[in-house]
Amino acid sequence: MKKLKLVGIIAISIVPVFNSIVAIGYGIFIKKFSAAIYAALFLIASVVLLELDTYETNKYLIKTFEVEQIEDLEVFYFDDISIRFPQYSLTTTDLSDGYHEEVKQKEGKNFVHKITVLEGKFKSYLILDEEGSLTEDRLKKLYQEQLKNYEKDHPNKKVVFPDLVYRSYYGTIAPFIIIISMIHCFFTLRRKKEDEVVLINKDPQISIEPSKEVEAIVENEVNANIEVEDLIQKSEKDLNLELKLLDVNKANEAQFAELKAISKIQAMYFIKERDENGKYISLSNFFDRNSISQNLQNELKEFLFVENNIDDDDASDSNERRGRVLDF
């Protein structure tokens, strides 16, 4: 579905002028008025540049081909006439698509005909002599013949076949503005209607929120009107349960695995160490027996507790008695 949506956005973005109109409307809809203003500026710039290019091109053609107005002139480029007026086309062929080369004799001399065909039409038709020099561009002659036939039916127009396509300074700049407007349209359409809200502790691996302790105190003070002294007097066990902390001697493998930076394999070894060498007698004992780094210890301390926790010194001594240290 996302790929189809992306294809649709790209399709809209690559249509000149229309893409800017869409970006303007969508920018207003999502209330991103800066995006709508930029799209409008790109639209105005594109239209103005294209109109100026048309004006300069017509002025150049009128002067070059000596006509009074551009309506008196019919300009064709390459196989343009075959597309716009197929009834005059002389470039169609029965040859198969691809490259063809054959030798033909004319006035006792051999000439090599090199022909390229695409979609049943000549794309190039060059005739070379035995020395390899170009003697005739047959395709160009076919084009000129087409123009003569067209001119017979349109005597009021001057038909020309220029060697080069004229492009004014404005026409050179316009494509860059159009490309920028396409990119702008693409990113505008990808914007969401509402700004994304970044939530703290939204990591799916963590189900424990560090701010619960503060929330619990505030909630108790407001709703139950409990004095701070009463909260302090609560037992450590009740407070830990209220804050949803994990007792390392009661937590199962799934609960351990929910902690940040703790994998399922590590969780499995926590349980295995506890089963084989006895309960953990303190958090320090838990960290030492499972070789948990200091940085990770700092992160896990606020989520774990040990009921009847003893001093760290005792935990260190007990660690030597209780068993091996796991290395992750």
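This is a walk through a predicted model, one selection at a time.

**Stop 1: the start of the chain**

Begin with helix α1, residues 2-13, and pick out I10, which sits in that helix. Show its side chain along with L6, I14, V15 and F18. Together these five make up a nonpolar patch on the surface, with about 410 Å² of accessible area between them. How accessible is I10 itself? Its relative accessible area is 41%, so I10 falls in the partly exposed class.

**Stop 2: α2 against α3**

Now select residues 18-29, which are helix α2, and residues 33-65, which are helix α3. Two packed helices are described by the angle between their axes and the distance between the axes. Here the axes come within 7 Å and cross at roughly 160°. Which way do the two helices run relative to each other, roughly parallel or roughly antiparallel? Angles over 145 degrees count as roughly antiparallel, so that is the label for α2 and α3. Turn the view to look across the pair and check the hand: the crossing of α2 and α3 is left-handed.

**Stop 3: along α3**

Stay on helix α3 and show E56 and K59. Both belong to α3, three residues apart, or about one turn of the helix. Their side chains meet in a salt bridge, at 3.8 Å from N to O. K59 is partly exposed, its relative accessible area being 43%.

Right next in the numbering is T57, also in helix α3. Is T57 buried or exposed? With a relative accessibility of 13%, T57 counts as buried. Draw a distance from its C-alpha atom to that of V165: you should get 9.6 Å, for two residues that are 108 apart along the chain.

**Stop 4: α3 against α6**

Keep α3 on screen and add helix α6, residues 169-189. What angle do the axes of α3 and α6 make? They cross at roughly 155° and come within 9 Å of each other. That again earns a roughly antiparallel label, because the angle is over 145 degrees. As for the hand, α3 passes α6 in a left-handed crossing.

**Stop 5: two residues with positive phi**

Go to E66, in the loop between α3 and strand β1 (73-75). Its phi is near 55°, a positive value in a residue that is not glycine. E66 is exposed, at 69% relative accessible area.

Then jump to E107. Where is E107? Look in the loop that joins β2 (98-106) to β3 (109-118). E107 is not a glycine either, yet its phi is positive, at about 55°. Its relative accessible area is 78%, which puts E107 in the exposed class.

**Stop 6: the other salt bridges**

How many salt bridges does the structure hold? There are four, and the E56 and K59 pair from α3 is one you have already seen.

Select R289 and E273 for another. The side chains of R289 and E273 meet at 2.9 Å, N to O. The pair links distant parts of the chain, 16 residues apart: R289 is in helix α12 (residues 283-289), and E273 is in helix α11 (residues 264-277). Are these two partners buried or exposed? R289 is buried, with a relative accessible area of 0%, and E273 is buried as well, also at 0%.

Elsewhere, salt bridges that share partners tie E136, R138 and K141 into one network. Within that network, the closest N and O atoms of E136 and R138 are 2.7 Å apart. E136 counts as buried, with 16% relative accessibility. R138, at 27%, counts as partly exposed.

**Stop 7: back to α11**

Finish on helix α11, which also holds K272. K272 is partly exposed, with a relative accessible area of 36%. For a last distance, connect the C-alpha atoms of K272 and E253: the separation is 9.7 Å, and the two residues lie 19 apart along the chain.

How values were computed. Residues are numbered from 1 along each chain as its sequence is written. This is a predicted model: local features need pLDDT of at least 70, side-chain atom pairs count only at pLDDT 80 or more; totals for chains, interfaces and linings use all residues. Side-chain values use heavy atoms; hydrogens and water are left out. Patches are made of residues with over 30% relative accessible area and no salt bridge: like charges are joined within 9 Å, nonpolar side chains (Val, Leu, Ile, Met, Phe, Trp, Tyr) within 5 Å. Accessible areas come from the Shrake-Rupley method with a 1.4 Å probe; for residues, only the protein chains shown count as cover. Helices (H or I, at least four residues) and strands (E, at least two) are DSSP runs, numbered from the N terminus. Buried means under 20% relative accessible area, exposed over 50%, partly exposed in between (1.4 Å probe, protein chains only). Axes are lines fitted to C-alpha atoms, for helices over the stretch in contact, and angles run from 0 to 180 degrees between N-to-C directions. Angles under 35 degrees count as roughly parallel, over 145 as roughly antiparallel, 65 to 115 as roughly perpendicular and the rest as oblique. A crossing is left-handed if the near helix is turned anticlockwise from the far one by less than a right angle, and right-handed if clockwise.
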